[in-house]
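Here are a few exercises to help you find your way around a new protein. Keep the structure in view and try each task before you read its solution.

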Amino acid sequence: MHDMDAAKTMPGDGNMSMVNGTKTGEATVFINSPLNSQVKSGTMPRILVVEDDPSLAQLVASYLTACQYSVVIASTGELAITALSDFNPDLVVLDLELPDGLSGWDVLQVLREKAHIPVLVTTSQTQDIRKHLRMNGETRLTLDHLPKPYPMQTLLRRIKRMLMIVPQ
């Protein structure tokens with residue numbers, strides 16, 4: 001492996017892809033290829049990170065990839081909807097405050113129409129989350145809130161807890 005190749009891979013054999021085609025610094029990114037061919041088959045849990053802040057999205061994806069998760073990043077609600085069906089994630093880390101077009105709430109609504117996979121909402125809004133939990137029969141096992149900013153270790157603990165109850 002050449003030094004340039006080493007700089008493009010993540011420790012732990014994780015797999016990270018980006019739906020929006022933005023460039024990452026330290027991970028292998030598959031751009032302009034079908035999502036279903038980007039992810040290794042096997043038991044590696046698949047996580048869709050929906051985040052419009054490229055720095056935070058990259059940090060989360062790099063961290064999770066190093067922790068043996070297969071990760072795809074979507075920077076908009078529209079890209080998230082596409083990734084939901086193409087990537088078929090085991091869990092979604094969803095920012096509610098997405099710019100333009102579809103909001104995080106819209107993405108959650110579409111997701112719930114298609115599947116009932118765990119969603120970890122990351123936002124500074126807390127009132128709307130509690131109201132949604134009460135009104136829609138969600139539990140902390142299917143929908144949880146992690147206020148921003150958050151430590152990566154806390155994110156990882158929440159993801160592990162939520163994935164434990166969902167058959168892989």
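Two strands pair if DSSP finds at least two bridges between them. Keep that in mind for the second exercise, and remember that this is a predicted model.

**Exercise 1. Get an overview.**
Work out how many helices and strands the protein has, and in what pattern they follow each other.

Solution.
- Step 1: Count the elements. You should arrive at six helices and six strands.
- Step 2: Now walk along the sequence. The pattern reads α-β-β-α-β-α-β-α-β-α-β-α.
- Step 3: Look at burial. Of the 168 residues, 46% count as buried.
- Step 4: Check how far apart in sequence the contacting residues are. Take the contacts between residues at least 6 apart: 65% of these join residues at least 24 apart.
- Step 5: Turn to the outside. The protein exposes about 8700 Å², and carbon and sulfur atoms supply 55% of that.

**Exercise 2. Place strand β5.**
Find out which strands β5 pairs with, and whether its faces are covered or open.

Solution.
- Step 1: Start with β4 (residues 91–95). Four bridges join this strand to β5, and the two run parallel. One spot to look at is Val92, which stands opposite Val119 in β5.
- Step 2: Trace the chain between these two strands. From β4 it passes through helix α4 (residues 104–114) to β5, a β-α-β crossover that is right-handed.
- Step 3: Move on to β6 (residues 143–147). Five bridges link β5 to β6, again in parallel. Here Thr123 stands opposite Pro147.
- Step 4: Check the two faces of β5. Val119, Val121 and Thr123 are buried on one side, and Leu120 and Thr122 are buried on the other, so to speak leaving both faces covered.
- Step 5: Draw the conclusion. Five of the five residues of β5 (residues 119–123) are buried, so the strand is largely enclosed by the rest of the structure. In β6, four of the five residues are buried, so β6 is largely enclosed too.

**Exercise 3. Find the buried sides of two helices.**
Say where the buried residues of α3 and α4 sit around each helix axis.

Solution.
- Step 1: List the buried residues of α3 (residues 77–87). They are Gly77, Ala80, Ile81, Ala83, Leu84 and Phe87.
- Step 2: Look down the axis. These residues cover an arc of only 165 degrees, which puts them on the same side of α3.
- Step 3: Recall the helix geometry behind this kind of spacing. An α-helix has 3.6 residues a turn, so residues three or four places apart point the same way.
- Step 4: See what that side of α3 meets. Its buried residues pack against β2 (46–50), β3 (70–74), β4 and α4. Just after α3, Asn88 takes a positive phi of about 50 degrees.
- Step 5: Repeat for α4, where Gly104, Val107, Leu108 and Leu111 are buried. They fall within an arc of 100 degrees, so they line one face of the helix.
- Step 6: Check the N-terminal end of α4. Ser103 caps it, with a side-chain oxygen 3.2 Å from the backbone nitrogen of Trp105.

**Exercise 4. Zoom in on Thr65.**
Decide whether Thr65 is buried or exposed, and find which backbone oxygen lies 2.6 Å from its side chain.

Solution.
- Step 1: Locate Thr65 in helix α2 (residues 54–66).
- Step 2: Apply the cut-off: buried means under 20% relative accessible area. Thr65 has 1%, so it is buried.
- Step 3: Find the oxygen. It belongs to Ala61, and lies 2.6 Å from a polar atom of the Thr65 side chain.

Terms used. Residues numbered from 1 in each chain as written. Predicted model: local features only at pLDDT ≥ 70, side-chain atom pairs only at ≥ 80, totals over all residues. Heavy atoms only, no water. Buried < 20%, exposed > 50% of the residue type's maximum accessible area, 1.4 Å probe, protein only. Right-handed = clockwise from strand over helix to strand, strands pointing away. Arc of directions from axis to C-beta. Contact = heavy atoms within 4.5 Å. Polar contact = N/O pair within 3.5 Å; in protein donor to acceptor, adjacent residues only side chain to side chain. Areas by Shrake-Rupley, 256 points an atom, 1.4 Å probe, with all protein chains shown as cover.
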